[in-house]
2 protein chains.
Amino acid sequence: MNDPDPHERSNNLRVRCLDLDTRDRPLIVLRKDSPVCRAEGFVSHARVRVDSPQQSVVATLYQTGSELLAPDEIGLSTAAWKVLQVRDGQQVHVAHPHPLRSISSVRGKVHGRKLRAGEFDEIMRDIVRGRYDDIQLAMLLTAIAARTLDDDELYGLTDAMVNVGERLRWDMPMRMDKHCVGGLPGNRTTPLVVAIVAANDLVIPKTSSRAITSPAGTADTMETLAPVSLSLGHMQRVVERTGGCVVWGGSVGLSPVDDLLIRVAKVMDLDAEAQLVASVLSKKVAAGSTHVVLDLPVGSTAKIRSREEAEQLARRLCTTAERFGMSTDIVISDGRQPVGRGIGPALEAHDVLAVFQNHDNAPADLRQRAVRLAGMLLEAGQRAPAGQGTALAEHTLDSGRAWQRFQAICEAQGGLREPPVAERSEAVCAPHSGRVEHIDNRRLAQVAKLAGAPGAPAAGIELHVHLDDEVNSGDPLYTIHAETDGELGYAREFAGNNGDIIALETDA
Amino acid sequence: MNDPDPHERSNNLRVRCLDLDTRDRPLIVLRKDSPVCRAEGFVSHARVRVDSPQQSVVATLYQTGSELLAPDEIGLSTAAWKVLQVRDGQQVHVAHPHPLRSISSVRGKVHGRKLRAGEFDEIMRDIVRGRYDDIQLAMLLTAIAARTLDDDELYGLTDAMVNVGERLRWDMPMRMDKHCVGGLPGNRTTPLVVAIVAANDLVIPKTSSRAITSPAGTADTMETLAPVSLSLGHMQRVVERTGGCVVWGGSVGLSPVDDLLIRVAKVMDLDAEAQLVASVLSKKVAAGSTHVVLDLPVGSTAKIRSREEAEQLARRLCTTAERFGMSTDIVISDGRQPVGRGIGPALEAHDVLAVFQNHDNAPADLRQRAVRLAGMLLEAGQRAPAGQGTALAEHTLDSGRAWQRFQAICEAQGGLREPPVAERSEAVCAPHSGRVEHIDNRRLAQVAKLAGAPGAPAAGIELHVHLDDEVNSGDPLYTIHAETDGELGYAREFAGNNGDIIALETDA
């Protein structure tokens, strides 16, 4: 043995960016015959710690035998490259990851043990550092769903999710907020509610999500109207100047583990109530909200399928929010069909603009939902007496004050812009006459996604009918908007194979 | 729209092998700007179905923006390449996977519903087709651990694991088998038991595993003595000619989902009793065994930590085996320290040979465990009266008949060979005098793995002491064997930092 420290010698590797997009999961590639793989006994699929001079990350290792890499090189996926903040050719050090101690708490939960607040903190700290892989995240979420969380645990989980992220601080005593528990295409009330509330001199610093599996998140829609990727400081200046904002939550780092958990939960298609509550409330607590109105749409093809489910969820939301000193109002709303006409970022933005500008053809359902939610916040913020909030919200829209305030907010965020219009479109028509009996929110959203939403912002669906409308054979039911022939064709094919997305009852 | 079928046009891609080893998980890479990604709305990390003219697989998609691939090419990991059985440049078709219906049964289990046999069948069929990703596998295993399985469900799970694999058929009425519920380094009784039992004219068609996270599986050790990757037909000829065999289970396709489940369970570090029972018994049922002896070593650093745990596990094993018409004998054995001297494929093989050849220095503990297990099978197979099995097993070894039979088995499997000896070795010595009070099986196994086992078959540990031995300062406790300086150095470094792997009590 001549080399006194084979460990240090072989564990330093030159980085190389592989331009491989693995989303949020850091991935590294090493040569099978690299000294480090032999010395450390690394096999493919192992979890490996990588330290750059700047940062540290735990990544999944795949091995290659090919000329893709030299034996002393390490290939990094885009996510690993970003986290490690390296430049081409820089050295990084690889090693076995530290033992993941917090997983024993998760194991305890699997076996039915109640978890303490400190345990949730440890788990969330490990997750935010990327030390949980998909398997371990799935184990956590399944344990939470199978064993459920009691009130203390739910508070502990929510608080832990807040603690690993940024937290907004405000001088104003009241900060209004709203949230819709998803699943309803086109339900884009947020820009309207924010503008109405801010126009009445309340503060509403709103952060929103991008779509994860839906055709549009509020941040995607808002981005067709104004920039949404603001720094924390920029966001605070917008709110100080205009009273409101609609920015992408991801850019200000609130509850950063939430998107990771949501991605895994979506694959499992598991609605764990506790996780949903913690997900919603952690973002509100981190944003410093004091008064929140929560919209829970109920419908057979919405996220919440029954009134009982909604009431149970409402109870858990209120109880937990209260422990954070946050007051909540719950609206259990009709989730049987999409709201407004547009489904897709720009198409929804056009609906929002029509309501702001009091157009004759502005979607009445969207306006109605927005004034209801805004009205509750106006009452909670003592801008209107009980029962008068909706009227004040309507007046704020009618008078143009909401639209003025929205333009000011967009200007402060970086400039109002015109949402795009798609190059191609094609109508899907009624195969026979009848009354609209059922609309499948989920499959309609799928058509919008196949047409390119939200990646192509102008793509999506324009809905021409609502429940109980009478249509004649050949009347357009909805129009598919797309940027390319391929996407239009694919959406049309799916629509053709799913003729019952909009079900018509004949009067027979 | 000129093209009548954009779907078919853009979804056919030319394959290219990426030489990327992702173990059992098929992975594909597509250009972000490829028409299929746009048309299908595929994003990174999506699950995608790939059909070749020969086969179909569900794979995880990563995207690239680089020149690695052309827009009409698809890069395949080694696992995807193998399953699809393609040649370079061949066309494959990609699409959204069929909806995974069986996941709703898993969701039901998460929420506490009892699963029917048919549901386990569906789940296992989907898993064996690669349609469950890591997240879904973790969800299944966590649900089984959190909600447990009753006797019917455990039977259903085991039976479903058998049904998706090959099944051995035998003319002989009795087929003997043995299994050790792992976790004890060096406990390599299988070759001895097989030879003793076969030499007494019983049939024992043994399939064994390779190491997943241990320094050696029985198949790894046996491979240093004879070929183990036999076809089903070859295995059956070996057994017809010699009465026994020791082959790698993976090559004959028994209970093919088991290795996948074990890999995920290891990451979770979750010992789900039901999964363990199904894992062990599904392989025995598939092998057509009628009489099985099960060795459950108990020790604080073994897989089973307490006698209570072992008894509970024994009950579940026996109850379930009985429903398959299989009779079982359970041995709860001492698992406080490694068995024999060697830890690592070839080092363990040398121990086995020493016992076969009745060497003076043959490890007595290994011999003793082997004759005990073999004796039980000889009694079960009515080759010895009750209480006389061990004596017959000892006589079979002493007389050389076991060694003769083992040589015949190795010849029939493709030829007996001499296990290799490592190029490098270094002793780890006692820092002071004392009595051996504790041996940490897990960390000792880790030293063996860092030294290169099982990838380097000659690498591993040679243990010089056992519990209660008195040693003097400077006496060798164990010797590390390795093929390269790097591995030797790394194992030594870990051993140096873990001086208490073998704990010595001083007489003070």
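Is V15(B) buried or exposed? To settle this in the predicted model, select V15(B) together with its surroundings. V15(B) has 22 other C-beta atoms within 10 Å, and 20 or more make a residue buried, so V15(B) is buried.

**Stop 1: around V15(B)**

V15(B) belongs to strand β1 of chain B, residues 12-17. Next, display the residues in contact with V15(B), setting aside its neighbours within four places in sequence: I74(B), L76(B), V86(B), D88(B), G89(B), Q90(B) and V92(B). For a sense of distance, add A349(B), which is 334 residues from V15(B) in sequence and 43 Å from it in space, C-alpha to C-alpha.

**Stop 2: strand β7 of chain A**

Move to chain A and select residues 91-95, which form strand β7. The side chains alternate along this strand. V92(A) and V94(A) point to one face and are buried, whereas Q91(A), H93(A) and A95(A) point to the other face and are not buried.

Two strands pair with β7(A). Strand β1 of chain A (residues 12-17) does so in the antiparallel sense over three bridges, and L13(A) stands opposite V92(A). Strand β4 of chain A (residues 47-51) is also antiparallel to β7(A) and is joined to it by three bridges; here D51(A) has H93(A) as its bridge partner.

**Stop 3: the domains of chain A**

Colour chain A by domain: domain 1 spans 6-95, domain 2 spans 103-163, domain 3 spans 176-413 and domain 4 spans 424-505. The centres of domain 1 and domain 4 of chain A, taken over C-alpha atoms, are separated by 46 Å.

Then select strands β15, β17 and β19 of chain A, which form an open sheet in the order β17-β15-β19 with antiparallel pairing. β17 (470-471) and β19 (502-505) are the edge strands, each with a single partner strand, so one side of each is left without a neighbour in the sheet. Between β15(A) (residues 434-439) and β17(A) there are two bridges; in one pairing, G434(A) has V471(A) as its bridge partner.

**Stop 4: where the chains meet**

Show both chains. In chain A, 54 residues are in contact with 53 residues of chain B. Helix α6 of chain A (residues 134-147) supplies the largest share of chain A's side, ten residues. By type, the residues on that side are 22 nonpolar, 15 polar and 17 charged.

A strand pairing also crosses between the chains: β5 of chain A (residues 56-64) and β2 of chain B (residues 20-21) are antiparallel and share two bridges. Select T64(A) and L20(B) to see a pair of bridge partners.

How do the two copies relate to each other? A turn of 180° with a shift of 0.0 Å along the axis lays chain A on chain B with an RMSD of 0.1 Å. The copies are therefore related as by a two-fold rotation axis. In chain A, the C-alpha nearest that axis belongs to I135(A), at 2.6 Å. Of the interface residues of chain A, 98% are also interface residues in chain B, so the copies meet through the same surface.

**Stop 5: the nonpolar cores**

The largest nonpolar core has 282 residues, and those with the most contacts inside it are L141(A), V197(A), L141(B) and V197(B). Centre the view on V197(B): beyond its neighbours within four places in sequence, it is in contact with M176(B), L202(B), I204(B), G244(B), A374(B), L377(B) and L378(B). A second, separate core has 58 residues, including L13(A), L76(A), V83(A) and V92(A).

Notes: Residues are numbered from 1 along each chain as its sequence is written. Chains are lettered from A and ligands numbered from 1 in the order in which they are written. This is a predicted model: local features need pLDDT of at least 70, side-chain atom pairs count only at pLDDT 80 or more; totals for chains, interfaces and linings use all residues. Two residues are in contact if their C-beta atoms, placed from the backbone, lie within 7 Å. Helices (H or I, at least four residues) and strands (E, at least two) are DSSP runs, numbered from the N terminus. Ala, Val, Leu, Ile, Met, Phe, Trp, Tyr, Cys and Pro count as nonpolar, Asp, Glu, Lys and Arg as charged, and the others, Gly among them, as polar. Two strands pair if DSSP finds at least two bridges between them. A nonpolar core is a set of buried Ala, Val, Leu, Ile, Met, Phe, Trp, Tyr and Cys residues joined through C-beta atoms within 7 Å. A residue is buried if 20 or more other C-beta atoms lie within 10 Å of its own, exposed if 12 or fewer, and partly exposed in between; C-beta atoms are placed from the backbone. Copies are superposed by least squares on the C-alpha atoms of residues with pLDDT of at least 70 in both. Domain bounds come from an automatic or database domain assignment.
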